[in-house]
Amino acid sequence: MDPQSTPDLSTPAPSLPLSTVAVVGLGTMGTGIAEVLARAGREVIGIDTDEAAARQAVATLEGTTARAVARERITERERQDILARFRTFTDLQAAADADLVIEVVPEDYELKRQVFAGLDAVVRPDTILATGTNALSVTRLAADSQRPERVLGVHFFNPAPAMKLVEVVSSVLTAPTAVAAVTALAHDLGKDPIAVGDRPGFVADGLLFGYLNQAAAMYEARYATREDIDAAMRLGCGLPMGPLALLDLIGVDTARTVLEAMYADSRDRLHAPAPILGQLAEAGLTGRKAGRGFYTYEAPGSATVVPDAESPSSADEQSAGRTVSSVGVAGSGTMASGIAEVFAKAGYKVVLAARSLEKAETAKARIAKSLGRSVDKGRMSAEARDTALASITPAGSLDAFADVDLAVEAVAEDLAVKQELFQALDKVCKPGAVLATTTSSLPVVACARATSRPEDVIGMHFFNPAPAMKLVEVVRTVLTADDVHATVRAVCAKVRKRPVDCGDRAGFIVNALLFPYLNNAIKMVEEHYASLDDIDAAMKLGGGYPMGPFELLDVVGLDVSLAIEKVLHAEFRDPGLAPSPLLEHLVAAGCLGRKTGRGFREYARR
């Protein structure tokens with residue numbers, strides 16, 4: 001063995017890289033970052049000019065570590081070590097020996113500039129200075145610093161101890177060694193860092209805040225209630241929170257600040273803050289922290305929503321609608337089969353009609369397999385399965401719909417096809433039958449006008465897979481009768497779905513908010529701002545999304561996504577909604593996602 005390779009056990013082990021970290025600003029985020037650092041063995045210097053904030057930070061760390069001991073996640077000795085590593089001060093001079101300083105003061109450029117100027121006067125020449133901003137220019141802060149090469153952004157997500165994502169933001173002035181050091185620290189903290197350039201919102205917030213802004217504008221236009229908008233995005237997309245509740249959590253004023261910065265950079269109208277954000281912020285109704293924002297809360301800082309003038313009540317329910325005991329479902333694809341299964345399990349008599357009896361029987365066989373899996377998983381009894389299957393009658397013609405109370409079409413997303421089908425339903429179905437379309441993007445009124453009874457036509461947009469997804473968008477046109485609307489809401493309740501009301505315009509609620517977000521993710525890749533993997537990771541780890549945007553696009557199908565984007569752009573005429581050229585090119589090349597084996601990513605052929 002080479003003697004030079006033998007470790008010298010008599011010398012002390014090297015200290016941890018960036019072993020002493022100062023956190024300037026001990027609000028919720030600063031305290032959370034301090035806890036993460038202290039738990040990972042770093043010496044943490046907490047600095048806040050407000051002594052009460054410093055005391056609260058210590059109390060918070062004492063409380064979280066006590067709970068960790070009670071849950072047997074750490075020992076009492078480990079807790080005491082963590083608490084000993086966290087010291088608080090009220091003067092920036094305390095950061096003199098820090099290897100890294102992270103500022104998380106409020107999103108005000110002049111305030112942050114003053115903090116950096118003060119730090120320049122006290123820290124070592126090799127100390128890295130990081131800003132926690134997600135809206136202000138890291139480059140500008142660096143340029144105003146005496147050591148621009150040591151300045152970068154490090155954007156944690158709230159709550160910092162739980163959220164895995166950290167965006168490491170470099171400017172054109174930042175030294176690669178500083179980026180590498182902070183990236184290594186993030187890994188050591190158990191986080192997943194992604195490297196991004198300096199632009200407002202970075203990756204996660206850059207996509208998130210545009211979506212939140214559109215939700216606020218949708219609510220402001222009274223297109224849908226706050227409860228329905230939030231329920232639609234939770235149940236339709238699997239998001240942990242609805243957009244308006246999330247705006248209240250983030251802070252309406254904070255959201256407005258981020259959007260102002262994004263709009264100044266992009267000039268995209270989708271980033272121009274919705275007027276309601278300014279109105280709420282100016283009134284001091286900034287969300288949970290104020291006790292009122294889009295919702296009203298039990299007290300400032302509380303997460304408990306209390307009823308207010310906009311809260312729905314039992315009196316808001318419409319009068320009883322028409323009686324529905326039998327349902328016809330037109331179509332033989334996955335969606336038609338799923339919808340028929342939903343109605344059958346709820347006790348309705350179901351006629352499943354396709355272009356041929358053979359196709360209808362194949363669809364029923366698909367339902368039988370689905371119900372069989374539910375039995376195998378213990379979700380239903382064999383008897384319930386048999387009863388549901390017995391209630392489904394396959395048919396090779398729409399003539400079988402003569403006696404149904406509700407007819408639901410689930411055929412191809414082609415307006416001409418749907419209009420032809422509604423003409424047939426008009427002739428076949430009895431007077432008073434409700435006629436529903438499951439379209440996700442086409443005008444419901446165009447289907448209604450194909451009949452002689454447009455007042456009986458409504459949209460029932462189920463989500464795929466219909467048996468599992470709890471949401472139904474109930475879309476009434478300007479011609480839909482009140483009792484038809486009431487009937488469909490009652491049916492949704494019986495089949496255990498959550499109905500949300502919306503008007504007849506492109507995208508309804510979910511797609512109108514979802515697809516611009518997906519389109520903006522594609523634009524980030526087009527602009528070489530971030531990679532597919534980093535964007536997907538950012539939205540899953542930083543936004544709590546069940547799938548990243550590119551994973552979702554490949555599942556939905558790029559051709560389907562492009563068609564919806566075109567419909568949204570044609571309806572709203574907003575340049576920001578124009579489909580990304582990259583999406584159009586992939587569709588033209590036949591790269592449609594998982595179904596073709598290649599979309600934004602490649603997949604193994606089955």
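Aspartate 536 is buried in this predicted model, at a relative accessible area of 2%, where buried denotes a relative accessible area under 20%, exposed one over 50% and partly exposed the range in between, evaluated with a 1.4 Å probe on the protein chains only. Its side chain meets that of arginine 601 in a salt bridge with an N to O distance of 2.9 Å, a salt bridge being a side-chain nitrogen of Lys or Arg within 4 Å of a carboxyl oxygen of Asp or Glu. Because arginine 601 lies in the segment after α22 (581–588) and aspartate 536 in helix α19 (residues 532–543), the pair ties together parts that are 65 residues apart in sequence; helices (H or I, at least four residues) and strands (E, at least two) are DSSP runs numbered from the N terminus. Arginine 601 is partly exposed, with a relative accessible area of 22%. Elsewhere, Asp99, Arg124 and Asp126 are joined into one network by salt bridges that share partners.

The model is a predicted one, in which local features need pLDDT of at least 70 and side-chain atom pairs count only at pLDDT 80 or more, whereas totals for chains, interfaces and linings use all residues. Residues are numbered from 1 along each chain as its sequence is written, and side-chain values use heavy atoms, with hydrogens and water left out.

Under the salt-bridge criterion the count comes to 32. Side chains of opposite charge can pair when their charged atoms come close. The side chains of arginine 226 and glutamate 227 form one such contact, at 2.8 Å from N to O; arginine 226 is buried, with a relative accessible area of 1%, and glutamate 227 is likewise buried, with 18%. In the salt bridge between glutamate 107 and lysine 112, the N to O distance is 3.2 Å. Here lysine 112 is buried, at a relative accessible area of 0%, while glutamate 107 is partly exposed, at 25%.

With a disulfide taken as a pair of cysteine sulfur atoms within 2.5 Å, a search of the whole structure finds zero disulfides. For cysteine 429, the nearest cysteine sulfur is that of cysteine 447, 14 Å away. Cysteine 429 is buried, with a relative accessible area of 5%, and cysteine 591 is also buried, with 10%.

Internal voids were examined on a 1 Å grid over the protein atoms alone, a cavity being a set of points where a 1.4 Å probe fits but cannot get out, and lining residues being those with an atom within 4 Å of a point. Two cavities of 30 Å³ or more are counted, the volume being the space filled by probe spheres set on grid points that are joined across faces, edges and corners. The largest cavity holds about 50 Å³ of space, and its lining includes Leu37, Leu100, Phe156 and Leu189. At least two lining residues are supplied by each of β4 (100–103), β6 (151–156) and α6 (176–188), with α6 giving the most, three residues. The lining divides into 10 nonpolar, no polar and no charged residues, where Ala, Val, Leu, Ile, Met, Phe, Trp, Tyr, Cys and Pro count as nonpolar, Asp, Glu, Lys and Arg as charged, and the others, Gly among them, as polar.

The second largest cavity contains about 40 Å³ of space and is lined by Tyr211, Met233, Leu239, Leu513, Leu514, Tyr517 and Tyr545. Helix α18 (residues 510–526) provides the largest share of this lining, three residues, and the residues of the lining divide into seven nonpolar, no polar and no charged.

How values were computed
On a 1 Å grid over the protein atoms alone, a cavity is a set of points where a 1.4 Å probe fits but cannot get out, and a pocket is an open set with protein on both sides within 12 Å along at least five of seven lines; lining residues have an atom within 4 Å of a point.
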